[in-house]
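Here is a short walk through a multi-chain protein model, written for reading alongside the coordinates. Have the viewer open and follow along.

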Amino acid sequence: MSARYGMVIDLDRCTGCGACMVACAAENNVPPLPQATPRTGLTPLLVRKVSNGMEGGAQREVFIPIMCMHCEHETPCVSVCPQQAVEVDKATGIVMQMPQRCLGCRYCMTACPYHARYFNWWDPQWPAGMEKSLNPGVAVRMRGVVEKCNLCHARLHAAEEKAAASGRREIDPADYIPACVEACPTAAIRFGNLADGKDPASHEAHSPDAFRLLARLGTEPKIYYKSKEAWVKALAEPGSGPAWEDQHG
Amino acid sequence: MKVTRRDLLLWGTGAAAGLVLTPVPWKLLGDVSIWSQNWPWIPQPTHAPVEVKRSSCTLCPKGCPMRVRLAAGWPVGVAGVPSHPLSRGALCPLGFGAHQLNWHPQRLRTVLHGEKSSSWNEARIAFAKALREGPIAIVDGYPGRAASLVFDSFAQKQGGSYHVVPSPEIRALAPYQALGGVPAVDLGYDLENARTVLSFGAPLLDGWGIPGRFNHLWAERAAGAADPQLRLIQVEDSLSRTAARAWQWAPIRAGAEAALATAMARVLLEEGRVSARVPIPALTLAEAEQQTGLSTDAIRGLARTIVARPPVVAIATDDNPSIAALNVALGAVGTRGGIVRRGKKAKSYPGIDTIGSVRAVLIDSTVPWDFTPSANAEVFRFAAWNGASSRAGGADWLLPAPGFLEELTDVPTPPTSAVETYAVAPSLVKATPEVQSAAQLLCGTDTDLATVEKTIHARCEDLFQARAGTLYGDATMPVAQVVSVEKLEEQLRSGAAWIGEDVSSERLRCELKNWPTAVDSPSSRQETTWGGPALPPLASKLYQESNLREASEWRKA
Amino acid sequence: MASSVLTDSRWIARGALRTAAPRFLLWLAPWAAVLAVGIYAAGLCLYHGLNQTHMDNRFAFGLWIFLDLGIIALGAGAFFTGFLVYILKRVELKPVLNTAVVVGLICYSGAMAILMIDVGQPLRAWFTFWYPNAQSMLTEVTFCISCYLVVLIFEYVPLLLRNRQLRRVPSFLVFEHQLHKLVPVLAAVGALLSFFHQGSLGGLYGVLRGRPFAFREGFLIWPSTFFLFILSAIASGPSFLMLVTAAVEKVTGRRLVSPQLYSRLGFISGVLLAVYVAAKCLDTLLWLNVTSRSVGFAPWQFYSHRPFGTPVLFVEIVILGLLPAFLLTYRRFAMRRGLLLGAAAMACAGVLLNRFVLTIQTLALPTLGFDRFLLYSPSWQEVASFAGVIGYGVIIYSLSYRYLPLFGQAKGNTYVPGN
């Protein structure tokens with residue numbers, strides 16, 4: 001039975017600490033880029049700090065982790081890639097990017113409304129010796145290609161191998177936990193198979209407080225968000241009000 | 001046979017057409033693309049089987065337990081330990097990048113004397129000379145370890161002095177020493193039983209105490225709830241992360257925490273909402289309004305709110321006596337849900353302001369980089385990472401210390417914990433020969449001192465003898481069921497954690513004779529407990545490659 | 001003309017009047033310098049990577065894509081004039097046909113060169129041919145542009161072989177003659193290919209479901225921008241030809257084509273431009289009121305950020321669209337060269353503005369509810385690379401003009417009335 005892996009991120013729980021971002025970068029062999037800026041950085045998972053635009057005591061803030069939404073319907077990046085370097089994996093629902101085939105034309109980056117795709121503007125470099133700390137399960141990309149979150153597919157692969165080694169066909173869900181889910185100190189990110197009615201993540205996705213970003217575009221993202229706050233829910237659609245992402249520099 | 005131009009053309013075209021039908025051009029094209037996928041200057045991970053071992057993060061005194069993935073002996077990833085009852089599997093953002101710190105470009109690998117390279121031999125000679133010529137002060141940034149015992153013993157034997165740099169959380173508990181006669185290191189917060197937490201700027205959700213502990217408590221009991229079981233009220237001049245997620249944010253003028261605490265106590269005492277026998281403070285609400293920027297109604301409302309759902313405890317970022325006095329008034333000292341005594345009688349050590357006139361100062365690698373001794377003494381500083389500035393943290397000697405998980409050490413009870421804990425952090429990474437810890441140097445100088453290993457062994461024995469508490473290792477087991485001290489030590493040395501019993505009911509009596517004067521103190525934002533001059537490289541994701549954090553939140557150098 | 005040591009008169013068609021070689025070199029020198037700087041800038045980008053540009057994760061497309069689309073649109077004069085001459089038999093346009101081919105070749109080869117630098121992995125350029133994605137507009141663009149470039153080369157080669165010295169090689173002569181017969185076929189093929197890729201370039205933006213500013217409904221799988229791009233390209237192509245021809249006449253100081261040619265080209269351009277403006281107005285109304293609203297974007301949201309306010313839309317459609325259309329088609333102005341050229345320039349500017357708006361404004365505008373409006377300005381490497389293409393173009397054209405019979409037949413090429 002094919003799965004539809006997705007997430008439900010509780011924005012009332014996210015404190016914006018950033019542990020998930022660092023864990024993601026470590027798991028996926030993303031190089032530290034001391035020469036980058038917030039617009040040229042490589043952050044497959046990016047937590048965005050959003051303010052309600054008010055001053056003084058009425059000021060409110062929310063932290064929104066953004067990664068690839070793994071859109072299911074007319075996936076914007078899949079249809080535009082000229083050499084089929086992206087595809088939706090039918091068995092898992094994960095939108096898989098093949099950096100080895102990527103030409104670096106960046107058309108997919110233009111197509112993605114969530115800004116979830118990142119380009120390798122530089123060759124990946126680590127200080128001398130630090131390559132020894134690279135995660136063996138994940139290939140290192142080179143400059144000139146696009147990359148994005150792939151729901152820690154290497155961990156899924158490891159879980160499948162483990163299952164196969166013990167003669168099972170289905171993986172043990174406890175063996176497949178993406179790095180960001182594992183890292184979150186408040187368990188704000190819930191991960192699971194949205195196609196499985198018994199999966200808690202699937203249940204959360206149907207909660208009345210759950211919403212998806214830009215749902216009206218019709219791309220059917222599989223990353224859900226949850227909040228009880230009305231102003232946060234209103235951020236899901238554009239032009240809702242004076243909410244701004246804090247920016248400096 | 002005459003070769004004509006026509007022949008050439010024919011043969012040429014034929015050859016070209018034929019070549020296309022052979023694998024040659026396609027193979028060449030394929031090779032070009034493979035080459036473009038595998039440029040030799042792109043680093044590759046080590047392809048080796050991965051094993052998982054347990055240890056503890058040694059970057060700060062919280063000592064969060066860690067699972068470390070290793071390939072060919074090198075750490076390739078870290079994660080928390082979900083079964084640990086305090087950390088609940090969490091690490092701070094820096095912890096997740098800690099395994100790369102040992103290769104940071106600022107990693108110190110040679111002995112530096114001033115600006116010049118030197119050798120351990122030279123350093124030892126200079127240290128021995130200093131010892132002969134006068135008293136030595138030893139400064140420790142992470143007290144309570146086995147290494148700390150080495151420092152203390154050495155200082156005592158040599159007629160020198162041993163000083164500690166307390167973490168901000170411990171500093172905030174210092175006033176209770178005067179009020180109740182219990183050293184701050186013996187105190188903790190019983191957050192698990194609190195229902196209202198009043199934080200005066202303490203970053204409870206952003207690095208205060210053990211990161212996982214309050215984050216998890218708050219997430220389970222408060223996050224997103226309109227009427228939460230745990231009410232977090234954040235008093236702070238700006239909207240910090242904790243303030244943004246708090247149930248209530250009370251924005252006051254920076255530095256006016258003492259005034260607010262005093263005014264709230266006055267309201268509670270005057271309205272008879274608390275039963276503690278303490279004098280009523282002199283500060284009027286009008287004065288408090290002026291200092292804090294909050295209206296008198298707001299102050300009254302806040303005071304009533306905090307006692308609406310007891311137990312309540314107030315948490316400060318420094319040793320503000322007014323906030324301690326408020327806790328006494330609230331009855332939050334020595335009670336369930338408040339400030340509790342852990343029960344172990346720990347020794348209280350002097351701080352860094354008592355370093356007198358000494359011949360030399362030895363600074364352990366755990367001391368924050370921005371600490372510079374004011375004394376006119378020769379400074380021997382141990383550090384795993386060098387600061388960017390040239391005058392190496394004010395040190396005459398900069399000595400390369402072990403980095404992340406490069407030495408065996410132990411993890412005493414972290415600050416703010418309500419129960420005693422103990423763990424051993426085994427060394428998972430082989431240290432190169434040019435690094436040496438301060439404890440190793442001192443044990444080398446005075447061979448009669450108990451080494452770190454010996455002390456750890458002795459502590460394991462003590463734990464075993466006490467037959468109390470629980471061991472959280474591969475399996476969870478009460479110590480009483482552990483068959484031998486060797487088994488206990490083996491478990492601890494492979495990363496298990498010992499958690500003591502809840503003794504928060506142990507009496508802690510506090511007496512408040514006079515209300516402290518509410519002094520307008522400069523805004524005391526809690527410093528991070530990461531004192532090093534170099535951040536884990538991947539922290540750049542947070543402050544360089546995104547707008548999530550400012551670099552100044554961590555960087556000290 | 002005084003003969004000097006430096007002379008290339010053997011290569012110049014007999015009877016053709018050309019400036020002295022040293023002076024020609026002097027003319028080429030600054031353009032060569034610009035080309036050299038451009039090659040250096042491009043080399044930097046290839047060697048160091050695209051961090052040499054000011055493009056970033058939010059502006060994945062920048063100056064290069066905008067200008068590439070621009071010069072491809074302007075170079076459409078190549079296929080369209082060929083189409084008009086060979087398929088629609090408008091033989092009065094024949095004198096500019098060769099210029100159109102050379103301009104087309106320059107525009108397309110220049111665009112290809114820039115594209116090779118613009119991608120992160122130029123060595124993988126062939127992947128699009130090996131693993132094509134039938135759904136992607138960019139696949140279509142790649143195929144058609146590559147094929148059309150080949151067609152243009154085949155259209156240029158006969159011209160090249162008509163050079164005085166090259167003609168002397170018998171096999172070249174034969175080859176040229178054979179090719180010449182193919183030209184109508186090439187023109188038809190070229191027209192078809194160009195039709196599709198001009199459209200697909202528009203389709204590139206129109207299919208962007210995630211960018212409501214660019215997204216359009218359309219006919220079957222083709223969004224309206226597919227057709228709008230074709231229209232604007234064939235409208236601006238003749239205008240651009242007018243400008244190039246006028247520039248050549250100015251620089252060389254001789255009349256190369258009849259004055260009626262300008263008004264003819266202008267009229268064609270104007271009519272097409274008027275059709276385009278009408279289609280664009282309809283499309284804009286539909287897009288603002290129906291398409292975008294259905295995904296939650298109110299029209300004002302697209303134009304509430306400076307400097308991309310509604311004036312930009314007004315300038316694009318009215319000032320640089322309707323106005324030149326009127327000026328180019330109004331009979332009274334038919335012989336007023338200055339006015340016609342001014343209008344042609346406005347038409348070209350309008351097309352460039354359209355490409356700019358769809359590339360840069362699309363990316364600058366927020367998509368998520370909490371995005372900010374962003375700005376982008378190109379780095380010197382980006383500007384220099386493209387300037388290099390212009391230098392390259394001027395050099396190629398100058399060489400073609402000097403050594404090849406671009407205007408008129410083999411003998412002499414000063415315009416003779418009645419020819």
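Which residue forms a salt bridge with K487(B)? The partner is E490(B), and the closest N and O atoms of the pair are 3.9 Å apart. One thing to keep in mind from here on: this is a predicted model.

**Salt bridges in helix 15 of chain B**

K487(B) and E490(B) both sit in helix 15 of chain B, which covers residues 485–493. They are three residues apart, or about one turn of the helix. K487(B) is partly exposed, at a relative accessible area of 42%, and E490(B) is partly exposed too, at 49%.

That helix holds another pair: E489(B) forms a salt bridge with R493(B), with the closest N and O atoms 3.3 Å apart. These two are separated by about one helical turn, because they are four residues apart in helix 15. Here the surroundings of the partners are not alike: E489(B) counts as buried at 10% relative accessibility, whereas R493(B) is partly exposed at 28%.

**Salt bridges elsewhere**

Over all chains, the structure holds 52 salt bridges. In chain A, D10(A) pairs with R13(A), the closest N and O atoms being 3.9 Å apart, and both of these residues are buried. Between chain A and chain B there is one salt bridge. It joins the side chains of R67(B) and E182(A), at 3.4 Å from N to O. This pair doesn't stand alone: E27(A), R155(A), E182(A) and R67(B) are linked in a network of salt bridges.

Here are the pairs with their distances:

| Pair | Closest N to O distance |
|---|---|
| K487(B) and E490(B) | 3.9 Å |
| E489(B) and R493(B) | 3.3 Å |
| D10(A) and R13(A) | 3.9 Å |
| R67(B) and E182(A) | 3.4 Å |

**How chain B meets its neighbours**

The size of an interface is often given as the accessible area lost when the parts come together. By that yardstick, chain A and chain B bury about 5,100 Å² between them, with 60% of it on carbon and sulfur atoms. V22(A), K132(A) and P136(A) supply 12% of the area that chain A buries against chain B, more than any other three residues. As for residue counts, the contact takes 65 residues from chain A and 58 residues from chain B.

Now for chain C. The area buried between chain B and chain C is about 690 Å², and carbon and sulfur atoms give 69% of it. In this contact, 10 residues of chain B touch seven residues of chain C. The salt bridge count between chain B and chain C is zero.

**Chain B as a whole**

Chain B has 557 residues, of which 57% count as buried. Its secondary structure comes to 16 helices and 21 strands, and its C-alpha atoms fill a box of roughly 125 × 65 × 55 Å along the principal axes. Among contacts in chain B with a separation of 6 or more, 67% come from residues 24 or more positions apart. Chain B exposes about 22,900 Å², with carbon and sulfur atoms supplying 53% of that. On the charge side, the mean positions of its 55 positive and 53 negative charges are 4 Å apart.

**Loops worth a look**

Most residues other than glycine have a negative phi, and most peptide bonds are trans. A few places in this model go the other way. H70(A), not a glycine, has a positive phi of about 50°. H70(A) is in the loop between strand 3 (61–66) and helix 2 (76–80) of chain A, and it is buried, with a relative accessible area of 0%. R467(B), not a glycine either, has a positive phi of about 55°. R467(B) is in the loop between helix 14 (452–466) and strand 19 (470–472) of chain B, where it counts as partly exposed at 35% relative accessibility.

What about the peptide bonds? The one from P310(B) to P311(B) is cis, with omega near 0°, and P311(B) lies in the loop between helix 11 (296–308) and strand 12 (312–315) of chain B. The bond from R306(C) to P307(C) is cis as well; P307(C) is in the loop between helix 10 (299–302) and helix 11 (310–329) of chain C.

Finally, T58(B) is in the loop between strand 1 (50–56) and strand 2 (65–71) of chain B. Leaving aside neighbours within four places in sequence, T58(B) is in contact with F404(B), L405(B), T409(B) and A425(B). T58(B) is partly exposed, with a relative accessible area of 22%.

Key: Residues are numbered from 1 along each chain as its sequence is written. Chains are lettered from A and ligands numbered from 1 in the order in which they are written. This is a predicted model: local features need pLDDT of at least 70, side-chain atom pairs count only at pLDDT 80 or more; totals for chains, interfaces and linings use all residues. Side-chain values use heavy atoms; hydrogens and water are left out. Buried means under 20% relative accessible area, exposed over 50%, partly exposed in between (1.4 Å probe, protein chains only). Contact means heavy atoms within 4.5 Å. Accessible areas come from the Shrake-Rupley method with a 1.4 Å probe; for residues, only the protein chains shown count as cover. Lys and Arg count as positive and Asp and Glu as negative; His and the chain ends are not counted. The place of a charge is taken as NZ of Lys, CZ of Arg, CG of Asp or CD of Glu. Buried area is the accessible area (1.4 Å probe) that two parts lose on being put together, summed over both. A salt bridge is a side-chain nitrogen of Lys or Arg within 4 Å of a carboxyl oxygen of Asp or Glu.
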